[in-house]
Amino acid sequence: MKHLIPFALCLASAATAHAANIAMEDQSQLPAAPAKAEHSEWFQPPHEKDLPNDGFGQLVREGRAIFVDTRNQAGEYVGNGMNCTNCHLDQGRKANSAPLWGAYTMYPAYRKKNDKVNSFAERIQGCFQFSMNGTAPAVDSHIINAITAYSYWLATGAPVGKALPGRLYPVVQEPAGGYDLARGEQVYQQQCAVCHGDNGEGQKAGKDYVLPPLWGKDSYNWGAGMHRINTAAGFIRHNMPLGKGGTLSDADAWHVAAYMNSHERPQDPRLIDGSIEKTRDKYHADDGVNLYGKVVNGVMLGQGVD
Amino acid sequence: MRASRLSLLGLCVALTSSVFAFEPLPLAQQGGVSQVMLTCTACHGDALMGVAAAGFPRLAGQSADYLAKQLYDFKAGKRSNPFMQQFAAGLSDQDIQSVTRFFAALPAAQYARPNRAAAASDLGARLALRGAWERNVPECVSCHGPGGVGVGKTFPPLAGQPAAYLANQLHDWQKGVRRNDPNDLMGHIAKALNEEEIQAVSDYFAGLPAGGAR
């Protein structure tokens with residue numbers, strides 16, 4: 001283990017974007033969730049009040065705090081205005097909102113795209129690099145340990161290696177005629193702008209974002225899973241507007257997901273030789289439905305914003 | 001307590017009749033903001049910090065856009081309160097702009113700002129900081145900001161508002177007499193709460209300690 005630490009430090013200190021810095025290149029998804037049997041409950045994670053008052057309970061509490069308040073509690077690794085819980089609602093407990101209990105038991109997992117077995121810790125590192133547009137805390141850092149302990153605790157009683165209903169975001173069928181950016185803008189202005197702002201900029205109280213930015217410099221980067229329109233459509237369909245998940249149609253979820261992801265955001269940190277085309281062909285060509293390196297309204301997306 | 005509430009109400013009624021009820025005039029003709037201020041301070045307190053015992057809310061330091069929307073909504077009957085509807089009916093667009101800007105510029109007290117990371121042992125704190133997601137009730141702080149400090153022109157401050165005011169609003173949403181929230185974002189939450197929860201979460205925000213620290 002010891003010889004890994006300097007290696008991780010090297011990765012963290014080589015600050016500029018280069019593919020070799022990326023602890024986890026692959027953002028593709030593991031097996032989808034099976035359907036929930038009728039009348040059955042989603043997996044129920046344990047209650048906070050039942051946490052023991054010992055060292056383990058303390059680490060779980062710290063992991064929970066990092067998860068819901070990431071910018072303040074793990075700020076040096078966060079490069080945008082996001083917190084983990086922005087995409088994993090209800091502190092990572094909510095079914096169909098990529099709950100931690102649905103993820104923890106599915107690692108380590110082999111991924112053919114980077115041809116290696118990824119640990120759960122490496123998966124969390126990926127979140128920091130892409131969704132948080134930051135840098136990966138070391139695998140044996142307090143931050144990764146605490147989030148891992150929190151995830152393990154939430155998964156108490158879940159079967160190991162078995163995909164549970166409610167894990168990830170559900171797959172939502174793309175509209176027959178494809179997505180429509182103009183309709184997406186309409187949906188955005190009617191349903192989303194009240195919280196996320198007319199230009200996806202989010203809203204703050206003081207220095208802290210309360211309502212997360214959806215595009216622009218403080219949002220997730222072009223390498224995050226949420227940049228895929230299909231992934232964002234699944235999240236939106238079941239979780240947005242906040243507290244009113246399930247009220248948009250499948251088609252509108254796709255339209256508005258496409259509208260959101262047709263705006264600029266921070267560059268994919270895997271950028272190859274400064275080339276959007278090369279990066280698109282290697283990382284985005286076979287990564288769901290996405291607009292990286294595509295021309296929209298006469299402009300090629302994927303320029304990145306600082 | 002009962003007597004003071006009644007006397008405040010009486011004062012409001014008196015002011016309602018004398019200033020607005022019979023001949024609604026533009027602010028300027030009534031003596032400008034100062035005249036309206038007299039009317040407002042009668043119920044909302046000298047510094048417009050609200051009157052807890054009577055359940056009259058704090059206006060000082062609130063978003064001008066939010067307050068203006070409420071006045072228009074009282075006029076339109078999307079928010080219900082006999083006194084406020086009558087006051088609002090007498091205000092011109094210019095009046096509303098002047099008075100709400102004035103309120104927004106007033107200093108407001110600062111309260112503690114616990115966010116989702118804070119511990120939550122009792123029912124009110126749990127609703128505020130954890131939500132009740134099994135019923136699709138988000139954490140209050142996820143829109144109203146840490147400690148319910150208020151966010152932008154849409155999400156008003158909850159911190160330091162009288163518990164009776166907050167509970168009244170939740171009841172009004174439950175009954176459908178307040179229906180001026182965008183996309184029913186608040187209405188559906190109020191309808192998902194029971195009476196014990198309404199009291200607990202109202203007490204939580206009313207009772208936040210002073211100070212700006214987290």
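Let me start with chain B of this predicted model, where, among contacts between residues at least 6 apart in sequence, 66% join residues at least 24 apart. The secondary structure of chain B comes to eleven helices and zero strands, so what you read along the sequence, by the DSSP runs used here, is the pattern α-α-α-α-α-α-α-α-α-α-α. Of the 214 residues in chain B, buried residues make up 43%.

Staying with chain B, the assignment divides the chain into domain 1, residues 2-105, and domain 2, residues 123-206. Where these two domains touch, the contact takes 14 residues from domain 1 of chain B and 17 residues from domain 2 of chain B. If we sort the domain 1 side of that contact by class, we find four nonpolar, five polar and five charged residues.

Now to one helix pair in chain B. Two packed helices are described by the angle between their axes and the distance between the axes. For helix H9 (residues 163-175) of chain B and helix H11 (residues 195-206) of chain B, the angle is about 140° and the axes are 8 Å apart. That angle makes H9(B) oblique to H11(B), and the crossing of the two helices is right-handed. Which residues of H9(B) and H11(B) meet? From H9(B) they are Ala163(B), Leu166(B), Ala167(B) and Leu170(B), and they meet Ile198(B), Gln199(B), Ser202(B), Asp203(B), Phe205(B) and Ala206(B) in H11(B). By class, the residues of this contact between H9(B) and H11(B) divide into seven nonpolar, two polar and one charged.

Let me turn to chain A. Its secondary structure comes to eleven helices and six strands, and of the 306 residues of chain A, 52% count as buried. Among contacts in chain A between residues at least 6 apart in sequence, 69% join residues at least 24 apart.

Within chain A, I would like to dwell on helix H9 (residues 229-239), and to ask why H9 of chain A counts as largely enclosed by the rest of the structure. The reason is that eleven of its eleven residues are buried, where a residue is called buried if 20 or more other C-beta atoms lie within 10 Å of its own. The buried residues of H9(A) include Ile229(A), Phe235(A) and Ile236(A), but also Asn230(A), Arg237(A), His238(A) and Asn239(A). What covers the buried residues of H9(A) includes H4 and helix H10 (250-260) of chain A.

As a counterpoint, consider Asp140(A), whose place is in the loop between helix H6 (120-129) and helix H7 (142-154) of chain A. Asp140(A) has 13 C-beta neighbours inside 10 Å, and therefore counts as partly exposed. Asp140(A) and Ala182(A) are 42 residues apart in sequence, while their C-alpha atoms are 46 Å apart in space.

Finally, the contact between the two chains: how many residues does each of chain A and chain B give to the contact? The contact takes 22 residues from chain A and 21 residues from chain B. On the side of chain A that touches chain B, the elements that give two or more residues are helix H2 (55-68), helix H4 (89-92), helix H8 (181-196), strand S3 (203-205) and strand S4 (208-211). By class, that side of chain A has ten nonpolar, six polar and six charged residues. Helix H4 of chain A thus appears twice in this account, among the elements that touch chain B and in the cover of H9(A).

Key
Residues numbered from 1 in each chain as written. Chains lettered and ligands numbered in written order. Predicted model: local features only at pLDDT ≥ 70, side-chain atom pairs only at ≥ 80, totals over all residues. Contact = placed C-beta atoms within 7 Å. Helix = DSSP H or I, 4+ residues; strand = E, 2+ residues; numbered from the N terminus. Nonpolar A, V, L, I, M, F, W, Y, C, P; charged D, E, K, R; others polar. Buried ≥ 20, exposed ≤ 12 C-beta atoms within 10 Å, placed from the backbone. Axes fitted to C-alpha atoms, helices over the stretch in contact; angles between N-to-C directions. Parallel < 35°, antiparallel > 145°, perpendicular 65-115°, else oblique. Left-handed = near helix turned anticlockwise from the far one by under 90°. Domains from an automatic or database assignment.
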